[in-house]
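Work through the exercises below with the coordinates loaded. Each task is followed by a solution in steps.

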Amino acid sequence: MLNLQLGIRYSVGKHASVLPDLKPADFSPKEKFWTRFPTEGSKLTPPHQSVEFRWKDYCTVVFRHLRKLFQVDPADYMLAICGNVALRELSSPGKSGSFFYLTQDDRFMIKTVKKSEVKVLIRMLPSYYQHVCRYENSLVTKFYGVHCVKPVGGQKTRFIVMGNLFCSEYRIHRRFDLKGSSHGRSTDKPEEEIDETTTLKDLDLNFVFRLQRNWFDELMKQIDRDCEFLEAERIMDYSLLVGLHFRDDNRGDKMGLSPFLLRTGNKDSYQNEKFMRGCRFLEAELQDMDRVLSGRKPLIRLGANMPARAERMVRRSDFDQYTQGGAGRFSHGGEVYEVVLYFGIIDILQDYDISKKLEHAYKSLQADPTSISAVGPKHYSKRFQDFIGRIFIEDR
């Protein structure tokens, strides 16, 4: 962690003054630089308490442009990662065996990655850059840097710095990692052990999310664009990470989990509920408009701070309700909660390589080939979009 902080302080500090224009050569896989960090320090590097190590930066000019595009101030970035307060290590939520670190301000996440993932990111960097420039509301992971540390006599550790989707003043009460596949996609924990830190999966999902029409339309368009980009880059196995904050309207307390229940499926309460809902959405939109008019950034963005309603599905953990042909067979009419939603597309560095093709062949012998996550990019993209189209619905 200390090596990582020293390296990033050096990288960001060294280039702080002028931002050169981007050239095609800046995207080259050869655009990487090693720097030696001896313990006694050098002309370029400070003395430090760690063992001597080497530090590698990849495509530095591109990532500086990306940080500027994502409105990350270099001083804030350096302070968040390299300040006196230590980074927090998170327990790994996935099977990847990666280590995750979070900055104290929750804005940035650092993840250790394999060499193959670095190769995929560098390979798709030109089209990734084009895509996020073109679509301000893209839901794909925001990448801020790729680096490598090699202590003398030790192993190389590669890692990426990216945006934390759940950076929010609101507490995230439930989190879901959704792929649109069903094979093995459930959390093994018993109900009483599930808490705010548990990452639930497709088969655990027991809500559909109702969005206002303009947000719903924007979401469907953007999911389509992002999936088209990922498919063109032959990427698969990505997820939609969704975080829910249940609003407690009674006390206006942002932290407590006592959801504001709007209705319990009684037809006679529908008009009243419609009026209440309109007020809640309107209030959120007006607050946002005030911010825009006063020259500040809007709080509500696609995938961040989004007011929505989560309707509990009557049959829990029944994947049929979300699969093709199943949507008409399950009943709405569960409880409806006012929520604030956070979501984005994560884990976008897995291409359909030989290992994934073998995984697909092997798992197809044990389960329905359409239910496993290791399928080709085209199939994966279509299934993912279909799934998103069933769990997010327009609030009429």
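**Setting**

In the protein chain of 396 residues, 49% are buried, where buried means under 20% relative accessible area, exposed over 50%, and partly exposed in between (1.4 Å probe, protein chains only). The model is predicted, so local features need pLDDT of at least 70 and side-chain atom pairs count only at pLDDT 80 or more, while totals for chains, interfaces and linings use all residues. Residues are numbered from 1 along each chain as its sequence is written, and side-chain values use heavy atoms, with hydrogens and water left out.

**Exercise 1. Describe the chain as a whole.**

Step 1. Count the secondary structure: the protein chain has 8 helices and 14 strands. Helices (H or I, at least four residues) and strands (E, at least two) are DSSP runs, numbered from the N terminus.

Step 2. Take the contacts (heavy atoms within 4.5 Å). Of those in the protein chain with a separation of 6 or more, 71% join residues 24 or more positions apart.

Step 3. Compute the surface by the Shrake-Rupley method with a 1.4 Å probe; for residues, only the protein chains shown count as cover. The protein chain exposes about 19700 Å², and 52% of that comes from carbon and sulfur atoms.

**Exercise 2. Give the strand order of the sheet that contains β10, and place β10 in it.**

Step 1. Pair the strands, requiring at least two DSSP bridges between two strands. The result is an open sheet of 7 strands with mixed pairing, ordered β9-β8-β11-β13-β12-β10-β14.

Step 2. Find the edges: β9 (199-201) and β14 (392-394) each pair on one side only. From one strand to the next the twist averages 40°.

Step 3. List the partners of β10 (residues 207-211). With β14 the sense is parallel, over 3 bridges; with β12 the strands run antiparallel, joined by 4 bridges. F209 stands opposite F392 in β14, and its bridge partner in β12 is A310.

**Exercise 3. Find what covers β10.**

Step 1. Identify the helices. Helix α5 (residues 213-232) lies across β10, β11 (239-246), β12 (306-312), β13 (336-346) and β14, at about 140° to β14. Helix α8 (residues 377-391) packs on the sheet, touching β8 (174-178), β10, β11, β13 and β14, and its direction makes about 55° with that of β14. Axes are lines fitted to C-alpha atoms, for helices over the stretch in contact, and angles run from 0 to 180 degrees between N-to-C directions.

Step 2. Check each face of β10: F207, F209 and L211 on one side, and V208 and R210 on the other, are all buried.

Step 3. Conclude: 5 of the 5 residues of β10 are buried, so β10 is largely enclosed by the rest of the structure.

**Exercise 4. Characterise the environments of H147 and S116.**

Step 1. H147 lies in strand β6 (residues 143-151) and is buried, at 6% relative accessible area.

Step 2. The H147 side chain makes a polar contact with that of D57 (2.7 Å). Such a contact is a pair of N or O atoms within 3.5 Å; within protein, one must be able to donate a hydrogen and the other to accept it, and residues adjacent in sequence count only if both atoms are side-chain atoms.

Step 3. S116 belongs to helix α4 (residues 115-134) and is partly exposed, at 41%. Its C-alpha atom is 8.4 Å from that of Q350, 234 residues away along the chain.
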